[in-house]
Each structure stands twice: as structure tokens, then as C-alpha cells.
Amino acid sequence: MSSDTVGRARTTVFSPKIEELLREHRGVKFFRVDADTVGVADPDLIEKLLESRSAHEFERPTFKPLYGRSIARAEAADVMQALSRDVRAALHEPIPDSVDLSGNWPHAGHAYLRDLLFRPDPLRLRMLTDRRLEAMPVLARAAVRTSAALPGTPDPDAPMSQLAALTATAAADPDNRHHALGLYRRVAAPVCLGVSALVANALWLGSPFDADASNRHIVLESLRLLPPSWNILRVASPEFPALDSRIGPNDDVLLLPLLSHRDPELWVDPDDFRPERWSDLDADNHPGYFPFGHASDRCRGRHLIMPLAEHLLDRIRSQGLTVSPHQTAATVPLAGLLGVTRVKMARTATPGR
């Protein structure tokens with residue numbers, strides 16, 4: 001595996017494919033990935049391609065068809081509204097000072113978020129948020145089938161999250177039970193996975209943070225250097241060749257925020273972790289910055305991800321946690337979510353912001 005040094009004298013070891021992208025194509029606006037796929041890092045072309053049509057249902061990562069059944073936009077909206085209520089409620093509750101966020105990240109962050117958001121949910125639902133299921137789709141499907149096969153259904157009147165209550169209502173119908181439980185996993189697990197990966201990236205890149213560094217700026221800069229959603233795939237579509245003749249009628253298009261986020265033409269000191277740059281930049285409109293997709297079809301969870309990530313950073317900084325000085329390297333595997341693994345957080349800094 002190759003490596004790239006970022007942050008405070010720490011080495012980020014990328015998988016060979018990611019390292020090759022950064023080494024061979026950083027600053028390259030358009031290139032051919034293979035016979036049927038082109039890579040695009042040109043911010044103007046990315047804008048035009050994403051504006052040219054909405055994402056097809058199978059291009060939506062969270063709400064693509066589930067077990068062969070489409071997820072209507074109205075159903076997706078209901079689910080996201082329930083999750084939004086859960087996030088707002090959790091962030092307004094007092095958190096015991098005894099909660100310890102030291103240990104291995106992103107695992108520690110995932111466990112914290114699972115308990116913060118879904119602690120009151122029935123075991124048959126909470127087990128679906130296990131982070132190991134995301135890496136093993138066969139096991140994930142088996143877990144959902146097992147949950148659906150258990151006798152009875154969660155009582156929607158019992159204490160539980162809003163997302164679980166919505167799931168319990170739908171699961172009361174035997175024909176909908178499997179779908180409802182699968183959708184709970186599809187929504188609950190990624191919010192824990194995504195936020196914990198994002199915060200782990202931020203911790204690795206910059207902790208201990210300067211006292212005056214804003215949590216919001218830290219998150220935005222982490223999303224720039226290590227965007228968990230590092231690529232956006234659009235399958236071949238007649239709109240694309242009409243926008244650029246280099247795109248063939250059968251070409252899939254791989255849009256690459258990973259590259260546009262480090263383009264030296266778009267960023268000053270593109271490899272440096274500099275949260276303060278966001279004091280003068282507009283995250284919603286900066287050329288080439290697509291951590292949550294394009295304005296025409298942005299990730300629905302972005303308004304949940306940011307406050308949860310800032311909340312975690314606030315707690316970590318108040319506990320005086322930072323990356324263990326004994327750890328000098330962390331790996332970034334080739335995965336759906338781009339992020340460092342096994343970052344050891346220890347209480348080596350003075351508590352406070």
C-alpha cells in the first residue's frame with residue numbers, strides 16, 4: 001500500500017486504487033477509467049452532469065430498491081423526518097459526563113451514536129445497526145430475515161425512537177415486515193457509520209485542534225480531504241454525450257469529489273488540513289466541493305450529519321482526547337465510505353476547546 005502524509009506528521013496509507021487515483025489523476029479534469037467508464041473531476045462538468053438529470057432510483061445509496069421493491073420518495077421523506085426528530089431530541093438531552101469516547105475510532109463513535117439515537121429501541125432493531133453488517137451484505141440480509149421471522153412485532157406504543165416507531169407500524173403488516181426492517185437498517189446504520197467515519201477522519205487529520213478552531217470548519221475541512229462519499233456514479237444516459245463529446249453513449253460516469261477536493265487549481269495548499277480556510281469560503285457554492293452531492297440532488301441526511309459530527313467533536317475536545325502520540329499511520333481501505341481505520345484516541349491533551 002502507498003501512503004500520503006497529511007495532518008500533523010501522520011501518514012495516511014491509502015489503498016492502492018485510491019493512491020493511484022491521487023497520484024495519476026489529481027489535477028486531471030477528465031480521463032477514461034476503463035472501456036465503459038469515464039472519470040470526471042472538472043467542477044464545471046460535474047455541475048452540468050448532475051444538473052442534467054435526477055439520480056435514478058438505483059443510484060440513490062440509501063433509498064435504492066430494497067429486496068426488489070422500490071422506495072417511493074414519500075416513504076423516504078417519512079423515514080428521514082422521523083430520523084430528524086430523533087436527532088433533534090437526542091441533541092437536546094443532557095449527556096452524562098461519564099461517557100468516555102477514548103479508544104479505537106470509528107468504532108467508538110459508532111457505538112456512541114447508536115446508543116445516543118437508538119438506545120430505547122427493541123433488540124431486534126438495534127442489532128441491525130451493528131457496523132459489521134455493512135461490510136458483510138450476506139450477514140446483513142440474514143440479520144434482517146431473522147428479525148422479520150421473530151414472533152410478534154415491536155409495540156409502537158413502547159418507548160423507542162421515532163424511526164423505530166415508524167418501522168413498528170409498517171412491520172405490523174406481515175407483507176411489509178421484511179421491507180420495514182430492512183429500511184430501518186438501511187437508514188439507522190449509515191447515520192452511525194457515516195458520522196463516526198467523518199469524525200474519525202477529522203481526528204486523524206487535525207487533532208489536537210487549535211483552541212479557536214470551529215467545529216463546523218473542522219468538519220468541512222475533513223470532508224474536503226477525506227470525503228466519505230468520495231465518488232458519485234451515474235450510469236450511461238443520453239444527456240451526458242450531449243454535454244461532452246468525450247462521453248460515449250454507453251459510458252458510465254464516475255464523478256470524483258476525491259480529486260476535485262484536492263485540485264491545486266481550486267484550493268490553496270490542497271493537501272494541508274486548514275479548517276480556517278472555511279472562514280472565507282462558502283461550502284454550498286465553492287467550485288469542486290461536493291461532500292453531499294450537487295445542490296439539485298443533495299444527500300437528505302446532510303442536515304443530520306453536520307450537527308451530529310459537531311456534537312461529537314465538542315465532546316471529544318471537552319474530554320481532552322487526541323490521537324495517541326504512539327500512532328503515526330492509519331489506513332484508508334477501498335470501501336463505500338472513505339475513512340481511516342483503527343485510530344486510537346487517548347486522553348493526552350488538556351480538556352477544553
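The largest nonpolar core of this predicted model contains 85 residues. Trp 105, Phe 118, Val 195 and Val 199 have the most contacts inside this core. Helix H9, spanning residues 174-206, gives the most to the core, with 15 residues. Another core lies apart from it and has 13 residues. Val 40, Ile 46, Leu 49 and Val 253 are among them.

Phe 118 illustrates the surroundings of one such core residue. Beyond residues up to four places away in sequence, Phe 118 touches Leu 83, Leu 113, Arg 126, Thr 129, Ser 161 and Leu 163, as well as Tyr 184, Ala 188, Val 191 and Cys 192.

Packing of H9 was examined next. Two packed helices are described by the angle between their axes and the distance between the axes. H9 and helix H13 (residues 302-318) have axes that come within 10 Å and cross at roughly 50°. This angle makes H9 oblique to H13. The crossing of the two helices, H9 and H13, is right-handed. On the H9 side, the contact involves Val 191, Val 195, Leu 198, Val 199 and Leu 203. These meet Ile 305, Leu 308, Ala 309, Leu 312, Leu 313 and Ile 316 in H13. The contact of H9 with H13 comprises 11 nonpolar residues, with no polar and no charged ones. Val 195 and Val 199 thus appear in this contact and in the list of core residues with the most contacts.

H9 also packs against helix H3, which covers residues 73-92. The axes of H3 and H9 are 11 Å apart, at an angle of about 50°. H3 and H9 are therefore oblique to each other. H3 passes H9 in a right-handed crossing. H3 contributes Glu 75, Val 79 and Leu 83 to the contact. His 179, Leu 183, Val 187 and Val 191 come from H9. By class, the contact of H3 with H9 has 5 nonpolar residues, 1 polar and 1 charged. Val 191 of H9 takes part here, meets H13 and is touched by Phe 118. Leu 83 of H3 is likewise touched by Phe 118.

A polar side chain in H9 was also considered. Asn 201 lies in this helix. Its relative accessible area is 0%, so Asn 201 is buried. Leaving aside neighbours within four places in sequence, Asn 201 is in contact with Ser 222, Leu 226 and Pro 228. Leu 338, Gly 339 and Val 340 complete its set of contacts.

Notes: Residues numbered from 1 in each chain as written. Predicted model: local features only at pLDDT ≥ 70, side-chain atom pairs only at ≥ 80, totals over all residues. Heavy atoms only, no water. Core = buried A, V, L, I, M, F, W, Y, C linked by side-chain atoms within 4.5 Å. Buried < 20%, exposed > 50% of the residue type's maximum accessible area, 1.4 Å probe, protein only. Helix = DSSP H or I, 4+ residues; strand = E, 2+ residues; numbered from the N terminus. Contact = heavy atoms within 4.5 Å. Axes fitted to C-alpha atoms, helices over the stretch in contact; angles between N-to-C directions. Parallel < 35°, antiparallel > 145°, perpendicular 65-115°, else oblique. Left-handed = near helix turned anticlockwise from the far one by under 90°. Nonpolar A, V, L, I, M, F, W, Y, C, P; charged D, E, K, R; others polar.
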